[in-house]
Amino acid sequence: RGLYRGWTLTALCRMSNWAYFGTYELCRKQLGLTSGSSGGRSLAQSIGASVLCGAAAGFSYWLSCYPLDVIKNRLQTAPDVHPPLYKNG
C-alpha cells in the first residue's frame, strides 16, 4: 500500500507531455520554423526562436501538471496514520 501511494497521480502528471510537445510545435509553426528549414533567418535568430519555443513549452508543461504534482507530493508525504489524513488516498 505505502509503496504505490500516489502512483495514479504520478502517471497522470507524466501523461501531460502533450502540453510540452504540442506547445513547442505550435510555437515553431507560428514563428515559421519548419523541420530542416531556417525560413530565411540567421543562425542566431533560429537559435533564439528555438529557445523561446522551448521556454513556452516548459511553461505550459508545468502549468498543466504542477497542481497534480502538488497533490501527489502531499499524498505521498502524508503520515501513515489511521484514519488517513486524506480520504481516498
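I began with the contacts of Ser16 and, leaving out residues up to four places away in sequence, I found that Ser16 touches Tyr61, Ser64 and Cys65. I keep in mind that this is a predicted model.

Next I looked up where Ser16 sits. Ser16 belongs to the loop between helix 1 (7-14) and helix 2 (17-30). I asked whether Ser16 is buried or exposed. Its relative accessible area is 6%, so I noted Ser16 as buried, the limit for that word being under 20%. I also checked a distance: the C-alpha atoms of Ser16 and Leu63 are 9.8 Å apart, with the two positions 47 residues apart along the chain.

Then I turned to the cysteines. How many disulfides does the structure hold? I counted 0 disulfides. I looked at two cysteines for burial. Cys53 has a relative accessible area of 0% and is buried. Cys27 is buried as well, at 14%.

After that I went to the surface. I found a nonpolar patch formed by Leu3, Tyr4 and Trp7, which together have about 460 Å² of accessible area. I located Leu3 in the segment before helix 1. Leu3 has 73% relative accessibility, so it counts as exposed, because the cut-off for exposed is over 50%.

Last, I checked the confidence. The protein chain has a mean pLDDT of 81, and 82% of its residues reach 70 or more. Which element has the lowest mean pLDDT, and which the highest? Among the elements of the chain, helix 2 is highest at 91 and helix 1 lowest at 83. I added a reminder to myself: where pLDDT is low, predicted coordinates should not be read in detail.

How values were computed. Residues are numbered from 1 along each chain as its sequence is written. This is a predicted model: local features need pLDDT of at least 70, side-chain atom pairs count only at pLDDT 80 or more; totals for chains, interfaces and linings use all residues. Side-chain values use heavy atoms; hydrogens and water are left out. A disulfide is a pair of cysteine sulfur atoms within 2.5 Å. Buried means under 20% relative accessible area, exposed over 50%, partly exposed in between (1.4 Å probe, protein chains only). Helices (H or I, at least four residues) and strands (E, at least two) are DSSP runs, numbered from the N terminus. Contact means heavy atoms within 4.5 Å. pLDDT is the predictor's confidence in each residue, from 0 to 100. Patches are made of residues with over 30% relative accessible area and no salt bridge: like charges are joined within 9 Å, nonpolar side chains (Val, Leu, Ile, Met, Phe, Trp, Tyr) within 5 Å. Accessible areas come from the Shrake-Rupley method with a 1.4 Å probe; for residues, only the protein chains shown count as cover. A salt bridge is a side-chain nitrogen of Lys or Arg within 4 Å of a carboxyl oxygen of Asp or Glu.
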